[in-house]
Structure formats: structure tokens, C-alpha cells
Amino acid sequence: MLAQLLVKRLISVIFVLIGLSIITFTLSHIVPADPARLIAGPRASADTVKLIRHQYGLDQPVYVQYVKYMKGIFTLDFGTSLSTLRPVRTDLGRYLPATVELSLTALLFSIVAGIPLGIVSALKPNTLIDYVGRIISVSGLAIPVFWLALMCQFLFFARLGWLPDGQRLPINTAPPRSITHLYTIDALITGNLPLFWTALEHLVMPAFVLGFGVLPVITRMVRAGMLETLGLDYIRTARSKGLSERTTVMRHALRNALLPTVTVIGMQIGVLLSGDILVEIIFSWPGIGRYAITGVTQFDYNAIMAVTLIIGFIYVFMNLLVDISYLILDPRISYS
Amino acid sequence: MPDNDIRAVRLIADAMSHRLSRRDIITRGLALGLSFSTIGWVLAACGKGSSSTATTQSGSSSTAASGSSSSSTTAATSASASPAASSGATSNAPTGGTPVNGGTFTIVFPGATADLDPQSAYDNQASCVFFGVYEMLIMLKGNSTFEYQPMLAKEWGPSSDGTEWTFTLFDNIKFHDGTVCDAAAVVKSFQRMLKMGLGPHDVIGRFVDNPDTDITAPDAKTVKFKLKTANPIFEAAVASEYGPFIVSPDAVDKHKTDQDPWAHQWFIQNMVGTGPYIADQVNPQEQIVLKQFKDYYRGWDGNHFDQIIFRVVEDTATRQQLIVGGSVDALTNALTPKAVDELKQNKALQVIAYPSTNVNWSTLNAGDRLKDPDVRKGFCYAFPYDDVRNGVYKGLVTETNGPLTPTTRGYDKNVFIYKTDLDKAKQLISKQFKPGEKFSWMLASGDDGTKSVATLMQANLQQIGFDLDIREVERSAETNLAYGDSPPAQRPDIFGDWGWWPDYNDGYNEIYPNFYSKSAGSAGSNVGYYNNPRLDQILETVAPGVSDADYNKLLAEAQNIMTELDPPAIFWGTIQWYTVMNAKVRGFEWNPIYLNSYYFYNMYKVK
């Protein structure tokens with residue numbers, strides 16, 4: 001059954017990505033802008049602009065450009081970035097791990113903080129702790145991420161000096177040997193604890209800011225799920241049989257309450273990956289969000305296409321993982 | 001309540017009671033430091049926003065709401081296209097202190113420097129990096145735009161007839177790859193620049209016909225240039241920060257391919273020059289780190305930095321926090337005018353505002369509805385010069401009408417200067433247009449400075465019975481329309497704000513790309529399709545080289561045409577550039593041509 005599900009989903013991934021590529025390619029090419037002129041700059045002569053247009057294949061018909069691009073994708077050749085002038089694949093290899101590390105840390109923070117907060121709020125509804133949880137939830141939803149980022153930077157870097165202003169590592173610090181390309185993990189694997197702490201210090205503020213926006217979603221889902229589950233008959237039965245409150249809540253209530261939360265968490269990974277652009281810019285975090293923005297302002301078709309396709313792929317992939325996790329969390333569910 | 005708040009409340013009260021005109025509200029609002037969206041709100045609340053204004057302002061707030069990044073990027077851009085004032089520099093730079101040898105100097109850039117090939121890159125941010133890694137034959141001296149100092153060449157000069165220039169190199173110059181930089185290497189570097197034909201190749205290509213035969217090395221120390229015609233401007237061009245940096249021919253040979261015979265792709269990401277600093281880490285989207293080149297032929301006696309770091313921070317607010325917090329040592333034109341004003345009070349920083357060759361203007365569409373020079377003069381009279389210079393740009397734009405600044409060769413100090421005169425404006429525009437006529441102004445979205453300027457202009461035009469439709473488009477779309485082949489009829493009446501400075505000290509080099517009739521459309525930057533036969537004639541006469549007397553006379557006439565007789569644009573004024581720097585840094589010398597550049601070798605910190 002699992003194999004069938006995987007095959008079906010992988011086939012759908014191909015169609016989704018082809019559709020996405022057509023939409024993105026069309027949209028980016030109907031905008032009246034000339035990337036060659038942007039590369040050459042306003043002072044460049046018409047001949048120079050023409051040369052650059054030819055060099056990057058921008059003088060070919062759009063459908064030829066599309067077919068050429070799609071052919072390349074099958075060999076993971078996303079073309080050359082018009083803004084960095086490097087192969088897009090090289091750029092992605094450099095920027096994607098930074099975004100993944102930031103997003104996963106943000107997600108970890110929001111799960112670790114959000115689930116207990118949701119449980120406690122559900123166990124003690126309409127008490128002080130529930131109100132605090134709700135205030136945090138509302139704040140997370142209401143505070144714009146760029147404002148929170150700037151305020152944190154102002155407080156923890158400029159005023160208190162507790163945390164660095166941004167970047168993955170200080171400028172003169174060499175990154176750890178690349179294994180996973182995630183600096184914190186690689187530093188741990190290679191046993192370089194000082195470097196791990198340095199990388200973690202740099203990660204704390206952007207991950208907190210990014211995770212703070214996801215925290216309320218998780219908290220509210222857990223709270224609602226728990227409130228619903230705790231009122232069900234089987235929980236009453238469990239309690240009447242003398243099971244401890246801890247076992248009742250953690251083993252019986254939480255597991256069921258987590259089902260919708262898992263869906264939300266899966267979707268939030270996509271949101272985090274695509275929504276951390278402002279955080280990356282404010283904290284000078286070298287991720288694909290920052291790369292995408294440069295691509296958009298420079299009309300860097302290849303970079304825009306690659307980032308869109310990758311984020312699209314991640315969304316689809318996360319959906320698949322969520323579906324699989326359902327099977328594990330609740331054996332009653334069947335996709336047949 | 002602070003004074004400013006009280007004044008803001010009074011402004012709102014006065015506006016609500018209809019005691020103030022729309023123009024007064026904008027001017028007083030700007031003087032109070034209110035944001036443009038707030039002023040827009042006041043105007044809307046008191047019913048003084050026309051329908052088109054309301055649209056613009058809602059666009060404005062939505063742009064701001066879309067994220068600080070976009071507005072800050074704009075702020076950086078507009079700042080780089082905006083600053084300031086008089087003929088001299090203003091600075092709160094401290095003096096004294098005990099010099100320290102070594103240490104790190106960190107500069108923050110608002111964006112990445114994608115192309116690090118000095119013979120194709122055509123922007124001053126890249127040149128800022130090049131001043132650490134590469135060297136030219138000669139460079140401008142200190143703050144002067146007319147005097148030169150040695151770089152690779154210890155002596156230089158023209159032949160008696162002016163058609164040949166000879167440069168004699170210093171001894172023991174080495175490239176960072178260990179190879180010798182002799183005359184042959186210099187010749188090869190210039191040949192690469194001209195044959196590659198990218199970016200700034202015309203900086204030298206204008207003067208030299210055939211790079212293979214006209215640039216020669218008669219001996220190991222001598223480089224000769226045979227010019228098309230005798231042209232004294234050549235000296236200025238050789239000292240341009242765009243192009244004439246010398247790259248290692250060995251590195252070119254080593255990294256060239258069949259498809260890329262000049263190793264351009266390799267040089268985009270790698271730097272091998274003769275400069276005092278060698279590239280240590282090159283990651284242009286994040287940071288570039290330079291360290292001392294131990295074999296530098298001038299040696300390392302005295303006080304110098306060990307390391308130069310260029311860091312990319314896109315967000316304006318973050319840049320401000322970094323410079324205030326001391327994480328970075330310097331930035332140039334990368335904050336808002338208001339922030340610069342505030343930082344002048346910060347004792348840990350020095351704010352150096354200096355005259356530049358940078359002029360800002362808004363182009364008038366001379367190829368379509370504004371064909372009549374009188375109408376264009378009318379727009380020049382309608383422009384709110386004082387409000388723009390002192391209100392919007394906080395004194396960082398100063399009075400110089402016309403395309404040249406006092407620091408540019410050929411500037412005529414008697415140039416005709418427009419002052420705001422709404423009666424004259426009405427009279428001149430009315431020659432062609434009836435009251436109620438609507439004009440259009442296209443500008444890049446997110447550019448709050450230019451939007452403020454356009455709205456002030458809108459207020460002035462409304463006062464004399466005309467309307468102005470302010471259209472915001474994405475900057476790249478604006479650039480595309482401006483430099484594309486769309487005909488004048490598809491272009492707005494007034495076009496953006498353009499900041500321009502010459503590649504080297506030459507008034508012709510400033511005027512030609514922007515106002516020569518054959519530079520229109522995709523052929524150049526004449527975005528308004530301006531066509532004045534006499535101006536064309538002057539430019540064609542000056543191009544190959546004339547005597548200084550003729551040059552000054554002809555360019556004075558050109559400036560008179562472009563201001564008093566047949567203005568192609570509204571020239572707002574000269575931009576004063578600024579550098580905000582750690583107060584402990586010494587040895588910085590600004591130059592009106594080398595904008596955004598630092599001569600790192602001479603710089604150090606004090607205790």
C-alpha cells in the first residue's frame with residue numbers, strides 16, 4: 001500500500017512540477033523587462049547589451065528557451081544565474097542548506113515550544129497560563145516578521161550585545177567540513193564544539209523570529225485538538241480505569257490530537273522555506289530567500305525558476321510525508 | 001509631548017480646518033520629518049488629495065507594508081542617487097589619536113557585486129573592491145578631479161603633438177600570482193579590455209583605434225598609446241575607475257577556454273591584480289575578504305590595515321544598526337537622508353558629505369507631447385527646487401542646474417539656473433496645453449524620495465491648473481522602458497529620476513550618452529528622445545578632442561542650450577555623496593569622481 005502511494009505521488013509530482021515550470025516561465029517572461037540590460041547596466045552600449053543577450057540565450061524565442069531549460073533540468077542543470085553569473089546549481093548548493101538549517105531550527109523551536117504550550121492551555125483552559133498562551137499565539141500571528149526581526153536585532157545585538165547581528169558564521173571563521181552542509185550538525189559531527197556554539201549563536205535570533213510566526217499555529221492546533229480529545233468517552237474511560245493523568249494525556253489524548261497538528265507542521269515547512277525571505281534579508285542569512293529576491297529584482301529567470309521549482313517540490317514532498325505519517329500515527333487510516 | 005509631535009498635531013489641525021494649501025501640508029510635513037505615507041494620510045483626511053494622488057499614496061503605503069526590505073533597498077538606491085550641497089565637503093571627522101598598524105576595515109554594501117572582472121564591471125561598488133586589488137597606471141589625486149598621482153606609472157605625459165602618451169612604470173611590480181607586471185603585461189591587459197568589448201571598454205576605446213598596433217611596449221618599463229587624435233581628455237580616461245585596471249595576463253592565459261578566450265567567466269569570481277590587497281575569500285553575495293599582499297611593490301612601512309572586508313547587507317535599518325553598533329567601519333550612500341542627519345550627532349562616527357560629479361534629473365519627453373522647448377521650460381519653472389533639496393533630501397542635493405557640476409570639466413559657472421516660478425510655468429505650459437491637462441510621471445516603485453519629489457511637483461502643477469498622474473512601476477520595468485526601443489509616444493511625459501556622473505572627468509562623457517540624439521532608445525540613455533541639432537554638432541566637435549579653450553567654450557554653449565534654451569530634463573541639482581565611518585579611521589580621501597571608493601592603502605585606525 002505504501003509503495004502504491006509513493007508511486008502515485010511521484011507521478012503527480014512530475015505533473016505538478018511541469019505545470020509549475022510552465023506558469024513560472026510564462027509569468028517571468030511576459031513581464032516587460034530586459035535582464036541583459038540589467039546585467040549590463042545603464043551605461044553599457046547597445047552592442048554590449050546585445051552581446052550579453054546572445055551570451056545568455058535571451059535572444060531566442062521564449063518556447064526555445066523553455067525547452068532548453070527543461071532539457072537541462074533533467075540533468076539538474078538549471079542554467080546560469082543572471083544575477084550571480086554562476087551556475088544556478090552551484091548557487092543552490094550554497095544557499096539551500098542555509099535555508100534548510102534555518103527553517104528546521106525555527107520549526108524545532110516552534111514544535112518544542114508550541115506543543116507543550118498547547119497541551120497546558122488545553123489542560124487548564126481559561127486560566128492565567130491559557131491566557132498567556134493565547135497572547136503569545138495572537139502576538140505570533142499579529143507581529144510582522146520584519147518588525148520582530150529588527151526589534152530583536154536592535155535589542156539583542158545593538159543594545160545588549162548578547163547575539164551576533166546575523167550571518168551564518170563570523171566573517172573570518174571557516175565553516176566545518178561539509179557533511180550535511182548544516183553548520184551546526186557538521187560542527188557536532190566533526191567534534192568541533194566551539195564552532196557548534198558559534199553557529200548556534202548565529203542561528204538563535206533568526207530561528208526564533210521565523211519560528212515565532214509558526215508557533216501560534218501549532219499551539220492553537222494542539223490546544224483545539226486536545227480540548228476535543230479530552231472530552232471524548234475513551235479518555236473518560238481511561239481515567240475511570242485509574243490510569244495516571246500523565247499517561248492519559250500523553251499516551252491517549254495527545255496521540256490523537258496530534259494528527260491534525262502533523263498536517264499543519266508538514267505544511268509549515270513549506271511556509272518556512274518560502275516565507276523566510278525577510279528574515280534572511282534582515283539577518284544577512286545566505287539562503288535561497290535572499291537569492292530569490294536578488295533574482296526577482298534582476299529578472300534572473302533561471303534563479304527564479306529554480307527556486308520556485310524547488311519550493312514546489314518541497315511542498316509536494318512534505319505532503320507525501322504527512323500522508324505517510326498518518327499511516328504510522330493512525331493505523332486505521334487507509335489510502336487504498 | 002515633544003516639539004515635533006506638537007507641530008505635527010498642529011499641522012493636522014490646520015490641514016483639517018483647510019487653512020493650508022496642499023503644497024503647504026507637504027512642505028511642512030517633510031520639514032517635520034513625517035513619512036510620506038503619513039503626509040498622504042493627512043492630505044486624504046482633509047480632502048486635498050486628488051484622485052490620482054490618492055492612488056499613488058495608497059500605492060506608497062502598500063509598498064512600505066510589503067516589507068522593510070523593499071523600502072530599504074529603495075532607500076539605498078535613492079540615497080545613492082541623491083545626496084548634497086555646496087562646493088565643499090562637510091565633515092565631523094575627528095583628528096589625532098595614536099596610529100595603529102594592522103587591524104580590519106569593514107565596509108558594508110547594500111547589494112552584491114556580481115561581476116568582479118574590472119574590465120567588464122561597470123559600477124562603482126565593484127570599483128570600490130578593485131581599489132584594493134587592482135591598480136591603474138595613474139589615479140586622481142586626493143579630492144581633485146583635475147590632478148593625478150602615480151599608481152603603476154611613475155611618470156607620464158603626451159608627445160609634443162599630443163597624439164602619443166607615454167607611461168613609465170615603477171620597478172619590481174608583481175601580480176598576486178607572482179608574475180611580473182611589466183609594460184608587456186600592461187599592454188596585454190589594455191588589449192584584453194578593448195578586444196573583449198564589454199562594459200567600460202569605450203572608456204579607452206574612444207581614444208584608440210587598434211589595440212594591437214596602437215598600444216605598445218617599446219621596453220619593459222614603457223607603455224605607449226597612439227591616439228586617434230590629440231585629445232587631452234585621455235589622461236582623465238586612463239585614471240577612470242571603470243576599466244583601466246590592470247589584470248594578470250598569466251591568469252588570463254591559465255584560465256581561458258575556447259569559448260572564453262579572455263577568461264572573463266573566471267575573472268567574474270576571481271581577482272588577480274597588482275594592488276596592495278589580495279583576494280582571500282570571494283563570495284560576492286555575502287562578503288569579500290582581502291588580505292595584505294606581502295610582495296606589494298610599495299612595501300608595508302607605516303600604518304595599514306591587515307584586512308579589508310566588504311559585507312553585503314540589503315536592509316537599510318540593519319546597515320544603520322551595524323554602523324552604529326560598530327560591527328562595520330564604513331558605508332557610502334547606503335542610508336536614508338534622515339538617518340545620515342541623525343548620525344552626525346554620534347561621536348563614535350564621522351559623517352563626511354562631499355561634492356560629487358553626480359547630477360540628478362527627471363527627463364522630459366521631448367519626442368512626444370513635450371516637443372516644444374517652451375513647455376519644457378515651463379516644467380523646469382514649476383519644479384519645487386527648494387522643497388526637494390532641503391525638505392526631501394535634507395540638504396544632500398544642492399543647487400546646480402544643468403547636466404554638469406562645478407567639479408566636472410567644462411562646467412560653466414554662469415549656467416542658467418531655474419528657480420521655482422509658478423506664474424512663468426503657467427504661462428509657458430499654457431502655450432500648448434489648456435488648463436486641466438493631465439501629464440504623466442513614471443517612477444520606480446518603492447522609491448520614496450522620488451515619489452515625494454513627484455508629489456511636490458504634482459502640487460505645484462495643480463496650483464497652476466494642471467494635473468500630474470504619478471505612475472509607479474517596478475524599477476526593472478522602468479529601466480526596460482527607458483533603455484528599450486519603445487517610441488516616445490509610449491513613454492511618460494516625465495521619466496523617473498536619473499542620477500548620472502561621468503566615467504572620468506569630462507563634461508562630454510556626461511552629456512553624450514544622455515542627450516545626443518543618436519543615443520536615443522536602446523542606443524544609449526537618451527530616454528526622452530531629445531534632439532537638438534546644435535547640441536549634436538557641439539558633441540561631435542568635442543568628441544575627437546579640442547583645445548581646452550574651445551572645449552570650455554563649446555561646453556558652455558551646450559549647457560546654455562540644455563538649460564535656458566531647450567531643456568531636455570529638469571535638473572534638480574548636484575548630489576552630495578556621504579560616507580559614514582568609524583571615528584577612529586584615518587586616511588580617507590573622498591573624490592568627486594571615484595564615488596563610493598576608498599584608497600585602502602593609505603588608511604588605518606587610531607587608538
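**Exercise 1. Work out how contacts in chain B of this predicted model are spread along the sequence, and how much of the chain is buried.**

Solution. Start with the contacts in chain B that have a separation of 6 or more: 74% of them link residues 24 or more positions apart. Next, turn to burial, where a residue needs 20 or more other C-beta atoms within 10 Å of its own. Of the 607 residues in chain B, 57% are buried. Finally, list the secondary structure: chain B holds 22 helices and 21 strands.

**Exercise 2. Trace the open sheet in chain B that contains β20(B), and find its edge strands.**

Solution. Put the three strands in order, β2-β21-β20, with antiparallel pairing. Then look for strands that pair on one side only: these are β2 (99–100) and β20 (585–586) of chain B. Now zoom in on β20(B), which is joined to β21 (residues 604–606) of chain B by two bridges. Within this pair, Val585(B) sits opposite Lys605(B).

**Exercise 3. Describe the side of chain A that touches chain B.**

Solution. First count the residues: chain A gives 34 and chain B gives 41. Then assign the chain A side to helices; α2 (35–40), α3 (46–55), α7 (145–159), α12 (277–282) and α13 (288–297) each bring at least two residues. The largest share, six residues, belongs to α7(A). Sorted by class, this side has 20 nonpolar, nine polar and five charged residues.

Last, check confidence. Chain A has a mean pLDDT of 84, with 95% of its residues at 70 or more. Among its elements, α2(A) has the lowest mean, 72, while α8 (residues 183–189) of chain A has the highest, 93.

Key. Residues are numbered from 1 along each chain as its sequence is written. Chains are lettered from A and ligands numbered from 1 in the order in which they are written. This is a predicted model: local features need pLDDT of at least 70, side-chain atom pairs count only at pLDDT 80 or more; totals for chains, interfaces and linings use all residues. Two residues are in contact if their C-beta atoms, placed from the backbone, lie within 7 Å. Helices (H or I, at least four residues) and strands (E, at least two) are DSSP runs, numbered from the N terminus. Ala, Val, Leu, Ile, Met, Phe, Trp, Tyr, Cys and Pro count as nonpolar, Asp, Glu, Lys and Arg as charged, and the others, Gly among them, as polar. pLDDT is the predictor's confidence in each residue, from 0 to 100. A residue is buried if 20 or more other C-beta atoms lie within 10 Å of its own, exposed if 12 or fewer, and partly exposed in between; C-beta atoms are placed from the backbone. Two strands pair if DSSP finds at least two bridges between them.
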